[in-house]
Amino acid sequence: VLPKSNWNGKNNKGGILFLDEFNRGNQHVHNAALSLVNNGKIDNYRLPSRWFIVAAGNKLSDLGNMAGTEMSAEMQNRFFHLNLVPKLKDFESHAKSDKKMNPDILEFLSFDESKIHQMDTDPEILNVDPTFATPRSWTAASKEHYYAVNGDWSKQLSKSEIIDIYRPHIGNTAYLFAEYIDMRNNYNVSDILDVYQNG
């Protein structure tokens with residue numbers, strides 16, 4: 001689905017051709033795309049003059065090298081590369097306005113931000129259980145939790161109920177999250193801080 005060669009969008013400002021999950025394409029797809037990325041054309045087709053090509057994908061080291069196929073050096077050289085890393089403050093700005101976001105999640109992540117994106121890098125483990133914590137999977141788990149408590153975040157679930165909801169979404173991080181909720185319900189915040197900061 002490509003824009004017509006003579007169409008530069010509204011007010012002639014151009015556009016962005018976004019190639020999502022680009023590195024999941026096989027070598028034949030990459031070969032066909034090389035001319036488009038390099039010269040803005042494929043056979044008789046020419047990309048409009050004010051359009052940019054942007055591609056997204058995962059690093060091969062992600063998901064135990066199951067994230068896609070390696071791009072050729074020529075293809076890699078045609079792009080400017082940015083590595084996006086999830087940060088809690090960015091997640092919070094989106095999550096705080098979502099009534100389906102469990103406030104306990106943000107509280108838990110404020111104690112240990114590394115759990116916002118917690119992935120096992122062992123391919124054998126990932127082949128058996130590919131679930132892990134990401135901003136997307138935290139959001140999905142929270143939504144399921146929201147419906148389980150009929151939108152009432154003051155309703156307490158048992159540790160096992162929390163694990164049952166969160167484990168399919170965020171993997172083993174669900175056990176840490178459930179332990180945190182249990183600890184928070186039984187100890188004051190300063191004691192919890194002491195545990196997280198001093199062991």
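**First selection: Glu21 and Arg24**

Begin by selecting Glu21, which at 35% relative accessibility counts as partly exposed (buried means under 20% relative accessible area, exposed over 50%, and partly exposed in between, with a 1.4 Å probe and protein chains only). The model on display is predicted, so local features need pLDDT of at least 70 and side-chain atom pairs count only at pLDDT 80 or more, while totals for chains, interfaces and linings use all residues. Residues are numbered from 1 along each chain as its sequence is written, and side-chain values use heavy atoms, with hydrogens and water left out.

Add Arg24 to the selection. Its side chain meets that of Glu21 in a salt bridge, 3.2 Å from N to O (a salt bridge is a side-chain nitrogen of Lys or Arg within 4 Å of a carboxyl oxygen of Asp or Glu). Arg24 counts as partly exposed, at 44% relative accessibility. By this rule the count comes to seven salt bridges.

**Strand 1 and its partner**

Select residues 15-19, which make up strand 1, and residues 51-55, which make up strand 4. Helices (H or I, at least four residues) and strands (E, at least two) are DSSP runs, numbered from the N terminus. Strands 1 and 4 run parallel and are joined by five bridges; two strands pair if DSSP finds at least two bridges between them. One place to look is Leu17, whose bridge partner in strand 4 is Ile53.

Which side chains of strand 1 are buried? Gly15, Leu17 and Leu19 point to one face and are buried, while Ile16 and Phe18 point to the other and are not. Ile16, in strand 1, is exposed, with a relative accessible area of 56%.

Now select Ile16, Phe18, Phe52 and Val54 together. These four residues form a nonpolar patch on the surface, with about 430 Å² of accessible area together. Strand 1 and strand 4 each supply at least two residues of the patch. Patches are made of residues with over 30% relative accessible area and no salt bridge; like charges are joined within 9 Å, and nonpolar side chains (Val, Leu, Ile, Met, Phe, Trp, Tyr) within 5 Å. Accessible areas come from the Shrake-Rupley method with a 1.4 Å probe, and for residues only the protein chains shown count as cover.

**Leu2**

Next, select Leu2, in the segment before strand 1. Leu2 is partly exposed, at 40% relative accessibility. Not counting residues up to four places away in sequence, Leu2 touches Leu17, Leu36 and Tyr45 (contact means heavy atoms within 4.5 Å). A line drawn from the C-alpha of Leu2 to that of Arg46 spans 9.5 Å, although the two are 44 residues apart in sequence.

**The aromatic residues**

A search of the whole structure finds 11 aromatic pairs. Select Trp138 and Phe177: their ring centres are 5.4 Å apart and their planes stand at 80°, so the pair is edge-to-face. Rings of Phe, Tyr and Trp (its six-membered ring) pair if their centres lie within 6.5 Å; planes under 30 degrees apart count as stacked, over 60 as edge-to-face and the rest as tilted. Trp138 lies in helix 6 (residues 135-148) and Phe177 in helix 8 (residues 173-186), so the pair ties together parts that are 39 residues apart in sequence. Both residues, Trp138 and Phe177, are buried.

Extend the selection to Phe108, Phe111, Tyr166 and Tyr180, which form one aromatic cluster with Trp138 and Phe177.

**A link between helix 4 and helix 8**

Which residue forms a salt bridge with Glu107? Select Arg184: the closest N and O atoms of this pair are 2.7 Å apart. Glu107 lies in helix 4 (residues 103-111) and Arg184 in helix 8, so the pair ties together parts that are 77 residues apart in sequence. Glu107 is partly exposed, at 30% relative accessibility. Add Asp104 to see a network of salt bridges that links Asp104, Glu107 and Arg184.

**Last selections: Ser142 and Gly151**

Return to helix 6 and select Ser142. Is Ser142 buried or exposed? At 0% relative accessibility, Ser142 counts as buried. Its contacts, not counting residues up to four places away in sequence, are Lys100, Met101, Asn102, Ile105, Trp153 and Tyr166.

Finish at Gly151, in the loop between helix 6 and helix 7 (159-170). Gly151 counts as partly exposed, at 30% relative accessibility. From C-alpha to C-alpha, Gly151 and Asn8 are 45 Å apart in space, and they are 143 residues apart in sequence.
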